[in-house]
Structure formats: structure tokens, C-alpha cells
Amino acid sequence: QEGRADLARRDYPKAEAAAREVLANRTSPRAYDARLLLAQALSGQRQYAQAAIAFDDAYNSSRKGAHAQDALLGLADSLSAINEKKAACDSLARLRAEFPQPRPDIAAGAAAAARKTGCH
């Protein structure tokens, strides 16, 4: 919860530290949430290559979990930021295929990412 508050305040280094603290305890029930928090914190710090890896980890830890849509969109945005356009478009295609009716915020974000990245 502290990490989420840090993220909301755009205190990305503190959010990253909070996420890493949870992830250090391998059996933590909050590990899934912490993976997404870590990815978002790295993205906020413009560490897009590391963020892409963290978003991919978050997605792969639970492909149908509560954060799967966020993780795929974050992965696409991070890949786009490091000029991996094809991989970004592939992530957006996976998002469309696996979540044909995404949450409205995800749908809007995916449309914006597709335009920005030049996906067809």
C-alpha cells in the first residue's frame, strides 16, 4: 500500500524500494502486486528496458490475473520507448487476443500506444 501511495505521488524510487522489499520475501502473498508496482516504478524513472522485463515478469506470473492487462499494456509502452516497435505491436496484439473486452482505461491506453507506435 505504501508503494502504491509512493507511485501516486510520483516518488518512483520509493515505490521501487517498496516493491523490491516485498519481492525479497519469496513467499509474500503480495508478490504479484509488487511485480507490477516494480515495473511501473521503473517506467516512471524512464528505465524502460528494465521496466519491460518487469512488466513481462508480472504478466507471466499470472496471465489471467488482475494485473495481466496492465502488464501487457505497460510492456508495450516500455518496448515502444526503447524503439522495439515490432515487439510493442506484438504485445498489443496479444492484449487484444487474450482480452477481447479490456477495461475501458486499458482499451484507451492500448489505442494510444498503437497510434504512437505505428501498429496496424
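Is C119 buried or exposed? C119 is buried, with a relative accessible area of 19%. The cut-off for buried is under 20%. The legends below describe close-up views of a predicted model.

**View 1. A disulfide joins C89 to C119.** The S to S distance is 2.0 Å. C89 lies in helix α6 (residues 85–98), and C119 lies in the segment after α7 (104–117), so the bond ties together parts that are 30 residues apart in sequence. The torsion about the S-S bond is about -95 degrees, so this disulfide is left-handed. C89 is buried, at a relative accessible area of 18%. C119 is buried too, at 19%. A search of the whole structure finds one disulfide.

**View 2. Helices α6 and α7 pack roughly antiparallel to each other.** Their axes come within 10 Å. The crossing angle is roughly 155 degrees. Angles over 145 degrees count as roughly antiparallel, and α6 and α7 are therefore placed in that class. The crossing of α6 past α7 is left-handed. From α6, the contact takes in K85, A88, C89, L92 and L95. From α7, I106, A110, A113, A114 and T117 take part. By class, the contact residues are eight nonpolar, one polar and one charged. C89 appears here as a contact residue of α6 and in View 1 as a partner in the disulfide.

**View 3. Helix α3 meets helix α4.** Helix α3 spans residues 31–44, and helix α4 spans residues 48–61. The two axes come within 8 Å and cross at roughly 160 degrees. That makes α3 roughly antiparallel to α4. The crossing is left-handed. On the α3 side, the contact residues are Y32, R35, L36, L38, A39, Q40, L42 and S43. On the α4 side, they are Y48, Q50, A51, A54, F55, D57, A58 and S61. These contact residues divide into 10 nonpolar, four polar and two charged.

**View 4. A71 of helix α5 is buried.** Helix α5 covers residues 68–81. The relative accessibility of A71 is 0%, which means that A71 counts as buried. Which residues does A71 touch, not counting those up to four places away in sequence? They are L36, F55, A58 and Y59. Among these, L36 belongs to the α3 side of the contact in View 3, while F55 and A58 belong to the α4 side. A71 and L37 are 34 residues apart in sequence. In space, their C-alpha atoms are 10.0 Å apart.

**View 5. R10 has a positive phi although it is not a glycine.** The phi angle is about 65 degrees. Where is R10 found? R10 is in the loop between α1 (2–8) and α2 (12–24). R10 is exposed, with a relative accessible area of 63%.

**View 6. R46 has a positive phi although it is not a glycine.** Its phi is about 65 degrees. R46 sits in the loop between α3 and α4, the helices shown in View 3. R46 is exposed, and its relative accessible area is 63%. The cut-off for exposed is over 50%.

Key
Residues numbered from 1 in each chain as written. Predicted model: local features only at pLDDT ≥ 70, side-chain atom pairs only at ≥ 80, totals over all residues. Heavy atoms only, no water. Axes fitted to C-alpha atoms, helices over the stretch in contact; angles between N-to-C directions. Helix = DSSP H or I, 4+ residues; strand = E, 2+ residues; numbered from the N terminus. Parallel < 35°, antiparallel > 145°, perpendicular 65-115°, else oblique. Left-handed = near helix turned anticlockwise from the far one by under 90°. Contact = heavy atoms within 4.5 Å. Nonpolar A, V, L, I, M, F, W, Y, C, P; charged D, E, K, R; others polar. Buried < 20%, exposed > 50% of the residue type's maximum accessible area, 1.4 Å probe, protein only. Disulfide = S-S within 2.5 Å.
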